[in-house]
Amino acid sequence: MNGGADDNAPVRGRIDRGGRLIGADPLLAALHRRAGGAAGGTVAVPQIAAVARLARRLNVVVSRGVVAADGLDDLDLWVRAQPDGDAIDLAIVGWRRRPATPPFPAAPPGRTHDFLRAGADWTWETDAALNLRALDPTSADRIGDVAQGFAGQPLTRIFTLIESEDGTLPILLGLAQQAMFRDQAAELKARPGALLTLSGMPLVGGDGRFAGFRGTATAVPDPADEEAERARQAQQRAGEERAERERQEQGAAFARRLDVALRLPLDRIISRAESIRSQSDGPLRRDYADYAEDIATAGRHLLALVDDLVDLQTIERPDFTPMRDPVDMADVARRAAGLLSVRAADRDITIDRPAPTEALPALAEFRRALQIAVNLIGNAVRYSPDGGTVAVRCERDGSRVALIVADQGKGIDSADQARIFEKFERVDPAEPGGTGLGLYIARRLAQAMGGDLVVESAAGKGARFILTLPAIHG
């Protein structure tokens with residue numbers, strides 16, 4: 001539809017050095033006013049102003065097609081800007097009015113050009129006539145012989161452009177507007193049926209003119225290929241899960257074999273070494289008795305390592321779920337203290353345990369709760385000074401119960417408090433005894449039962465280990 005001007009009669013105007021429209025034919029003056037401009041004010045149509053600025057900067061005649069918004073429509077204009085002293089003379093023809101083209105979706109903030117590479121398979125570049133200037137080397141296996149000597153060939157030598165549902169070609173709209181375009185459907189001529197989408201950004205030359213497009217080609221997956229890929233991925237996941245189950249089963253079987261193969265020999269070694277050390281068969285030289293004690297100690301250490309490795313294999317299984325039964329944590333604490341009373345007495349260490357009348361019900365697996373308590377009290381005895389005291393307390397705080405084991409040892413530096421709960425880590429690696437797995441296993445067990453295990457300590461001030469578990473309400 002014509003906008004009211006004879007195509008052969010240019011609409012004229014004049015812009016001064018300050019960018020003000022100081023003279024205009026009625027058609028241009030009306031467009032200027034509709035765009036928000038005032039009489040004698042700065043040119044309000046940015047596309048016309050841009051052509052005028054370029055002509056002034058280069059001091060040459062600039063003639064360019066532009067698209068200007070006018071209400072709900074667009075105007076196709078051809079603007080000629082000619083420098084005349086300090087002013088610019090305008091001659092505008094065309095004035096064809098058409099419905100506005102819907103805008104392309106905006107690129108994410110700060111990512112105006114990044115869409116050209118995000119998820120793209122390869123890139124290309126053309127001149128202003130859509131002749132190829134650059135082509136991603138990785139495209140050669142997709143487009144065949146055309147990749148050789150591509151320079152100067154039209155883009156349509158590689159692609160067959162496909163119209164959108166509304167009958168338009170986004171790349172040609174982008175060319176007409178010298179603007180970004182997206183989602184131009186295309187088919188590779190070298191591989192019929194291979195569909196892609198093209199997107200491009202306009203390039204501007206050193207003279208300020210439109211110089212072509214830099215764009216991307218992104219393959220459109222074939223639905224059959226997508227279904228096959230989903231099936232392949234599902235099969236791969238099933239295989240990985242099956243392999244993981246087999247690995248876990250093999251690990252559990254190995255742990256069982258290790259337990260059976262080592263426990264009986266180690267029990268015999270420890271028993272015979274203890275018998276020799278105690279000189280139950282008659283007097284023995286002191287150094288031989290010391291050797292026997294060393295053998296028994298090493299045997300107990302290995303036996304503890306076997307126990308820990310078996311536990312480690314168990315708790316790291318994805319299906320490991322300890323029971324949650326009513327348990328009296330005060331009774332657990334008393335039992336654990338009783339099991340360690342002989343070891344503590346050997347060094348004159350007192351274990352201050354909960355009173356026989358004290359009770360603290362919790363939800364846990366009795367055997368696992370006892371295992372944690374024995375580990376905590378055993379560590380406290382190991383690191384306490386001779387003649388010291390290990391305090392064992394039970395408390396309730398709302399929905400949680402806590403078993404607290406405090407020693408009078410040298411404490412744990414804050415930098416080491418997270419490390420000691422990791423595999424094969426110990427408070428002091430230089431000290432004998434321990435496998436470095438006890439606290440790791442204890443915390444994993446506590447968490448599996450809905451609780452946790454933490455430490456509070458400072459160097460030189462002893463340590464407090466706090467086991468929390470869910471309380472029984474009532």
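Student: Let's start with confidence: over which residues does pLDDT stay under 50?
Tutor: This is a predicted model, in which local features need pLDDT of at least 70, side-chain atom pairs count only at pLDDT 80 or more, and totals for chains, interfaces and linings use all residues. Residues are numbered from 1 along each chain as its sequence is written, and side-chain values use heavy atoms, with hydrogens and water left out. pLDDT is the predictor's confidence in each residue, from 0 to 100. The model has 20 contacts beyond four places in sequence (contact: heavy atoms within 4.5 Å) for the stretch under 50, which is residues 101–115.

Student: And what pLDDT does the chain average?
Tutor: Of the residues, 76% score at least 70. The average over the chain is 79.

Student: Now the sheets: in what order do the 5 strands of the open sheet stand?
Tutor: Strands (E, at least two residues) and helices (H or I, at least four) are DSSP runs numbered from the N terminus, and two strands pair if DSSP finds at least two bridges between them. The pairing in this sheet is antiparallel, and strand E2 (21–24) and strand E3 (62–70) are the edge strands, each pairing on one side only. Neighbouring strands are turned by 30° against each other on average, direction ignored. The order is E2-E1-E5-E4-E3.

Student: How many bridges join E4 and E5?
Tutor: E4 and E5 run in the antiparallel sense, and Gln82 stands opposite Asp89 in E5. Their hairpin has 2 residues between the strands, and Gly85 takes a positive phi near 65° there. On the other pairing of E5, 5 bridges join E1 to E5, with Arg12 and Ala91 as bridge partners. For E4 with E5, the number of bridges is 11.

Student: Which helix packs on that sheet, touching E1, E2 and E3?
Tutor: The helix also touches strand E4 (73–84) and strand E5 (87–99), and its direction makes about 75° with that of E5. Axes here are lines fitted to C-alpha atoms, for helices over the stretch in contact, with angles from 0 to 180 degrees between N-to-C directions. Leu28, Ala29, Ala30, Leu31 and His32 in this helix are buried (under 20% relative accessible area with a 1.4 Å probe and protein chains only; exposed is over 50% and partly exposed lies in between). The helix is H1, residues 26–34.

Student: Is Asp89 buried, partly exposed or exposed?
Tutor: Asp89 is found in strand E5 and touches Gly13, Arg14, Arg80, Ala81, Gln82 and Asp84, not counting residues up to four places away in sequence. Its C-alpha atom is separated by 7.4 Å from that of Arg12, 77 residues apart along the chain. Because its relative accessible area is 26%, Asp89 counts as partly exposed.

Student: What is the length of the polar contact between the side chains of Asp89 and Arg14?
Tutor: A polar contact is a pair of N or O atoms within 3.5 Å; within protein, one must be able to donate a hydrogen and the other to accept it, and residues adjacent in sequence count only if both atoms are side-chain atoms. The side chains of Asp89 and Arg14 are joined by such a contact, of 2.4 Å.

Student: Which strands stand at the edges of the 6-strand open sheet?
Tutor: The order there is E7-E6-E11-E10-E9-E8, with antiparallel pairing. Inside it, 9 bridges join strand E10 (195–204) to strand E11 (210–219), with Met201 opposite Arg214. Each edge strand has a single partner, so one side of each is left without a neighbour in the sheet: these are E7 (132–135) and E8 (159–161).

Student: Finally, which element gives the most to the largest nonpolar core?
Tutor: A nonpolar core is a set of buried Ala, Val, Leu, Ile, Met, Phe, Trp, Tyr and Cys residues joined through side-chain atoms within 4.5 Å. The largest has 48 residues, of which Met329, Leu453, Phe465 and Leu467 touch the most other members. Elements giving two or more residues include helix H7 (329–339), helix H9 (366–383) and strand E18 (463–470). With 8 residues, the element that gives the most is H9.
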